[in-house]
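Subject: Structure handover

Hi,

Here is the structure I promised to pass on to you. Please open it next to this message, and the notes underneath should be easy to follow.

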Amino acid sequence: MSRATVRAVASPVLVGTGRPLPGVWFGSETPVPDALPRTDVAAFVGFASAGPVDVPVVIEDLAKLTEVFGEETVIAGGPEGDEVRAQLVPAVRAFLRNGGKRCWAVRVTGRFTGSEGTSGTPARFGAAAPWFRSSAVRARFPAQGLVTLDQATTEQAELRARAVGSWSDGLTATVTVSATSVPLVADSLRKGPGQDTSRPETVYCRLTEPSSVSPGDLLRVHVGRGTVLLFAVAGTTAASGAADGIEVTGTHPVWVSEVPPPDDEMEADALHPEQSEATPVRVRGNGLVTILCGDGADSLRSLATGSVVRVQLRTGERKTRFLIVAGEAETASAGLAGTWVEVSDRRPGDWSEAPPVEGGEVLTAGCSVREPGGRIRTLDGLGLVPGHPRYLGDLPTDEQLFGRPEAEGGDHPGTPSDLWEAARHPRFPLAGAADADGDGDGRPVLYPLGGASATPPMAGPRADSRPALERDGLTRYREDLFLDPRLSGVATGFLLESADFLCRQDPATARPPVGAHALLALEEVALVAVPDAVHGGWETYLPGEPPPPPPYEHADDTGATRGLEGSAGDVFSDCVRGTVPPPPGNLRLDDSSGTTVGPIIRWDASKDALSYVLEEGSDPQSWQGTRTVFTGSGTSVGLPLRRPGTYFYRVRARGSGGSGDWSGGFALRICAEPVTVPVPSPARPHPVSLAVHRALLSMCAARGDMLAVLSLPKGLGPDAAALHVAQLRGSFPGDERTPSFAGVFHPWPLVGGGDGAAVTVVPPDGPMAGLLAARSLQRGDWVAPCNQRLVDVVGLAPAWLDDHSALVLQNAHVNALRSTARGVVCLGADTLSADTDLGELTVRRLLSLLRRVMLQTGQRYVMEPAGPQLRRTLRRGCEAALTLLLRRGAFAGTSPRDCYRISVRDRDARTLSGDEASVVVEIAVAPTVPLRFLTVRLVQFPDRSLTLEGVAT
């Protein structure tokens with residue numbers, strides 16, 4: 001309601017006199033529009049195919065929802081058409097479709113705890129290791145033609161998917177290099193003064209005229225005979241003396257020389273980034289260098305054009321070459337063909353004379369990604385040096401873009417906002433490899449080995465044999481997917497303090513809460529839901545697994561011991577005499593493991609053994625390329641699922657005198673893809689749902705201004721739903737306040753997407769949160785979200801809800817969705833509290849609103865002098881806020897006397913401690929309650945006329 005206020009004001013001041021005219025003057029003042037704190041903002045926590053993990057992302061439209069979190073995805077599908085679907089995207093979509101305007105979405109996955117990786121060995125977290133890290137895997141894409149160089153090795157550069165998970169399996173990408181010529185002085189190339197003549201750290205050259213060369217550019221200088229010098233531009237200055245032009249200072253110089261094909265066929269070892277061990281090959285020249293791949297080199301044959309293969313000759317000086325793949329060799333023996341180059345940070349020859357300069361170019365990169373639907377996204381003008389404002393390695397991950405920079409290895413001073421904005425919308429599918437998961441190689445210079453050429457063909461991500469569900473971090477279904485284990489068991493009264501402690505530790509070790517507990521820091525959130533806490537779970541098994549082949553009886557011929565890398569006792573035993581245990585026996589597959597997540601390998605205990613080491617490999621003869629899959633004192637280990645193939649295992653024991661010999665080998669053959677099927681929806685309360693709902697209640701009660709919108713597993717009937725609520729309330733014995741912070745809705749609605757989209761069944765928390773938000777925006781939190789048609793809802797599943805079932809749900813404080821002639825509506829607005837004062841959902845929402853109103857009002861008086869004037873001011877401020885709510889219909893009554901009571905008093909100084917308030921404001925209100933029944937009477941008068949009379953009850 002707009003109004004004008006007329007008040008007496010000081011008279012105008014005559015310009016130049018400084019004195020006002022005498023008299024009384026009237027002016028008009030338009031008041032600030034009445035505004036209540038928002039209580040319509042929701043938050044959803046669940047599973048999605050893409051998006052940042054444990055980072056809340058604000059969503060206000062459907063386009064951003066699918067751009068960040070992807071489309072709806074199926075976690076597990078059964079043979080009878082039953083499915084487990086990720087519900088985060090459907091819930092947010094239903095929220096927006098039913099009137100919600102703003103919400104936060106949090107994607108969750110499994111996590112590594114402490115500093116352990118998948119094999120139980122310390123993960124590479126560094127000194128500032130996060131306490132929890134997603135167990136999902138981020139796909140890696142080769143950056144064709146680009147390499148990184150340090151003093152130890154040269155590796156092909158990589159890009160990574162913007163988000164973890166298998167969603168990126170269908171992406172293909174390519175990187176192109178563009179060259180822009182710059183005018184260089186022919187004899188201007190020289191090394192830094194006093195530096196090594198063969199390995200200078202700084203180089204200098206001159207430009208004949210000002211150009212677009214800037215610090216952060218990568219400059220390529222042609223010096224003849226197929227050799228180029230690549231270096232990062234560190235700075236430019238005006239040339240001094242008689243020389244004209246601009247002097248360029250360069251760092252990180254690298255020499256790349258084309259090498260002619262060998263005249264004779266030679267033996268060599270080839271290695272590329274997808275291999276852990278080199279592959280024996282034969283090399284010969286025929287125009288291009290040709291690698292003839294023998295058996296076991298399938299991974300080499302599958303390399304895309306532009307890939308870089310390290311080749312080390314076995315003859316002569318055993319020099320290392322790099323093959324830039326140009327395609328398959330046109331020979332009878334399948335192989336690779338390409339250009340052969342040498343890469344070194346040493347200049348061929350010396351610097352006694354200035355190398356001839358035949359030309360120079362500034363190099364930039366472009367990256368293109370083709371999505372499964374055929375759409376191509378491209379970013380151009382990317383730099384190859386960390387100092388460049390659009391450095392390719394600084395493309396952000398989802399965690400970096402939407403969350404705190406320190407969560408992903410730290411923000412970089414050179415990271416520009418324009419690059420991140422270009423990658424934000426539309427969201428670019430790839431990110432740089434610079435510390436993308438805290439285990440990157442820093443921010444290296446990216447050197448192109450080939451010349452600027454046509455766009456290489458697009459290549460997919462590097463092969464990963466792990467099943468998609470494991471790469472999505474959803475191997476097991478349990479409550480710690482949704483909750484922070486550090487906070488899930490904390491009592492309600494200490495929850496906020498504990499969460500604040502996690503955020504305010506030493507910056508090097510502090511890690512904010514994860515999962516649903518990450519919402520505690522979002523003050524605007526008033527509704528919270530976990531739509532995926534309703535599944536029965538899923539299980540993964542190997543269908544039709546045949547008996548394994550006979551064991552491979554093989555041990556090291558030399559009897560030498562091998563163990564964990566970096567363990568000094570594996571090669572030389574201590575001088576102290578000890579016992580070396582014999583090899584363990586009977587290495588075998590545990591056939592009693594049933595349909596577990598993966599195979600279980602067992603072996604017999606060895607005498608005097610203190611621990612065991614189990615290795616997995618693919619070559620039972622040489623055992624090259626093995627990896628340790630278990631180290632510990634047990635005699636069995638459950639392995640992750642494997643792709644089809646044959647895997648070989650061996651085990652040995654460790655004692656006080658060192659490591660014993662390896663056992664005989666054991667072969668495990670897997671002939672089928674792992675199959676994930678849903679566990680049938682439970683007919684009784686599920687422990688995961690109960691644990692998550694219990695934690696949400698505690699979290700909302702600790703905040704005091706949030707409401708948990710809860711859904712039940714789809715298969716729960718009325719009696720099982722009542723049992724679920726009873727067990728949930730029983731978690732807070734003697735406490736009727738905490739259960740009032742949740743409303744439970746059941747059964748599930750059937751949602752049709754329109755435009756011919758399939759009808760799917762979704763939990764009711766998404767659409768009901770949308771109705772609650774719409775009510776808050778349009779009429780107020782004191783109006784029940786009932787008797788309003790749910791948008792896009794065409795039915796209910798299951799359809800067993802009759803009047804008797806609805807009565808059972810109502811008596812259990814479960815708000816039932818009903819099908820009516822107008823559509824599907826909710827005809828309940830109860831909390832879980834048995835307290836009659838707190839049993840209404842509208843009452844709890846109004847009290848939460850009052851809490852926010854009073855905090856907003858009282859914040860203006862912090863640090864004001866205590867005394868009668870402060871008490872009067874506080875009373876007036878509270879009365880103004882409550883009067884506003886009275887005018888809008890929030891209270892039962894027509895006058896302030898009937899609706900609320902305010903008491904402002906000083907607390908007794910003798911009872912005060914150092915952190916207690918000296919002024920106490922107590923407010924009592926009479927909330928309005930929804931009309932549940934309307935009794936209609938048919939009355940006939942003596943004149944035979946009829947009338948209807950309505951009596952509200």
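Below is what I found, going from the whole chain to single residues.

Please keep in mind that this is a predicted model.

**The chain as a whole**

The chain is 953 residues long, and 49% of them are buried. Its secondary structure consists of 14 helices and 49 strands. If you take the contacts between residues at least 6 apart in sequence, 68% of them join residues at least 24 apart. The accessible surface of the chain is about 44500 Å², with 51% of that belonging to carbon and sulfur atoms.

**Strand 7 and its partners**

A good place to begin is strand 7, residues 103–107. All 5 of its 5 residues are buried, so the strand is largely enclosed by the rest of the structure. Its side chains go two ways: C103, A105 and R107 point to one side, W104 and V106 point to the other, and all of them are buried. You may want to look at R107 in particular, since this arginine is among the buried residues of the strand.

Strand 7 pairs with strand 3 (residues 42–46) in the parallel sense, over 5 bridges. Within that pairing, V45 has V106 as its bridge partner. Strand 7 also pairs with strand 4 (residues 57–59), here antiparallel and through 3 bridges. In this case V58 is matched with W104. As a reminder, strands of a sheet pair through backbone hydrogen bonds, in either the parallel or the antiparallel sense.

**A four-stranded open sheet**

Next, have a look at the open sheet of 4 strands, which has the order 26-11-10-27 and antiparallel pairing. Strand 26 (430–432) and strand 27 (447–448) are at its edges; each has a single partner strand, so one side of each is left without a neighbour in the sheet. The partner of strand 26 to look at is strand 11 (residues 154–161), which runs antiparallel to it and is joined to it by 3 bridges. One pair to click on is R160 with A431, its bridge partner in strand 26.

Ahead of strand 26 there is a cis peptide bond, between H425 and P426, with omega at about -5°. P426 sits in the loop that connects helix 5 (417–424) to strand 26.

**Helices 7, 8 and 12**

Helix 7 (residues 492–503) and helix 8 (residues 687–703) have axes that come within 8 Å and cross at roughly 80°. The two helices are therefore roughly perpendicular to each other. On the helix 7 side the contact is made by T492, L495 and L496, and on the helix 8 side by S698, M699, A701, A702 and R703.

Helix 8 is mostly covered, with 15 of its 17 residues buried. Its end C-alpha atoms are 25 Å apart, which agrees with the 24 Å that 17 residues should span at 1.5 Å a residue. Right after helix 8 comes G704, with a positive phi near 85°.

Helix 12 (residues 841–858) has 18 residues and reaches 26 Å from its first C-alpha to its last, close to the 26 Å expected at 1.5 Å a residue. Of these 18 residues, 13 are buried, so helix 12 is largely enclosed by the rest of the structure.

**Some backbone details in loops**

A second cis peptide bond to inspect joins H746 and P747, with omega at about 0°. P747 lies in the loop between strand 40 (742–746) and strand 41 (748–752).

Two residues other than glycine are also worth a look for their positive phi values. For N586, phi is near 60°. N586 is in the loop between strand 29 (538–541) and strand 30 (588–589). Is N586 buried or partly exposed? Its relative accessible area is 46%, which makes N586 partly exposed.

For D792, phi is near 70°. D792 belongs to the loop between helix 10 (765–778) and strand 43 (793–797). Its relative accessibility is 23%; buried means under 20%, so D792 counts as partly exposed.

Happy to go through any of this with you on screen.

Best wishes

Terms used
Residues are numbered from 1 along each chain as its sequence is written. Side-chain values use heavy atoms; hydrogens and water are left out. Buried means under 20% relative accessible area, exposed over 50%, partly exposed in between (1.4 Å probe, protein chains only). Contact means heavy atoms within 4.5 Å. Accessible areas come from the Shrake-Rupley method with a 1.4 Å probe; for residues, only the protein chains shown count as cover. Two strands pair if DSSP finds at least two bridges between them. The expected span of a helix is 1.5 Å times one less than its number of residues. Axes are lines fitted to C-alpha atoms, for helices over the stretch in contact, and angles run from 0 to 180 degrees between N-to-C directions. Angles under 35 degrees count as roughly parallel, over 145 as roughly antiparallel, 65 to 115 as roughly perpendicular and the rest as oblique.
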